[in-house]
Amino acid sequence: MPDRPPLTLYLDDIVQTRKPHPCGGDTWRVVRLGAEIGIRCERCGRRVLLPRAGFERRIKRFVARGPAGPG
């Protein structure tokens, strides 16, 4: 299995996840970058830390890119 390069993430990216949060929200804002990614639920405000590899697998699509992102 070939290693893939890490996905490019920016602070304030908004992503949709494959499974919804227990509150019913499925959009999250990236609030911390590094080996662990900090995300905040856009519906209830809960903050979660996830390992980067696990977070990248959970992303369904980008809703909006942060200010340092393309376009």
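Which residue in strand 5 does T17 stand opposite? T17 stands opposite I59, and the views below start from that pair.

This is a predicted model, in which local features need pLDDT of at least 70, side-chain atom pairs count only at pLDDT 80 or more, and totals for chains, interfaces and linings use all residues. Residues are numbered from 1 along each chain as its sequence is written, and side-chain values use heavy atoms, with hydrogens and water left out.

**View 1. Strand 1 meets strand 5.** Strand 1 (residues 14-17) pairs with strand 5 in the antiparallel sense over four bridges. Strands here are DSSP runs of E, at least two residues, numbered from the N terminus, and two of them pair if DSSP finds at least two bridges between them.

**View 2. An open sheet of five strands.** The order is 4-3-2-1-5, with antiparallel pairing. Strand 4 and strand 5 (59-64) stand at the edges with a single partner strand each, so one side of each is left without a neighbour in the sheet.

**View 3. The largest nonpolar core.** Ten residues make up this core, among them W28, I39, F55 and I59. Such a core is a set of buried (under 20% relative accessible area, 1.4 Å probe, protein chains only) Ala, Val, Leu, Ile, Met, Phe, Trp, Tyr and Cys residues joined through side-chain atoms within 4.5 Å. Strand 2 (27-32) and strand 3 (36-41) each give two or more residues, and strand 3 brings the largest share, three residues.

Key. Buried means under 20% relative accessible area, exposed over 50%, partly exposed in between (1.4 Å probe, protein chains only).
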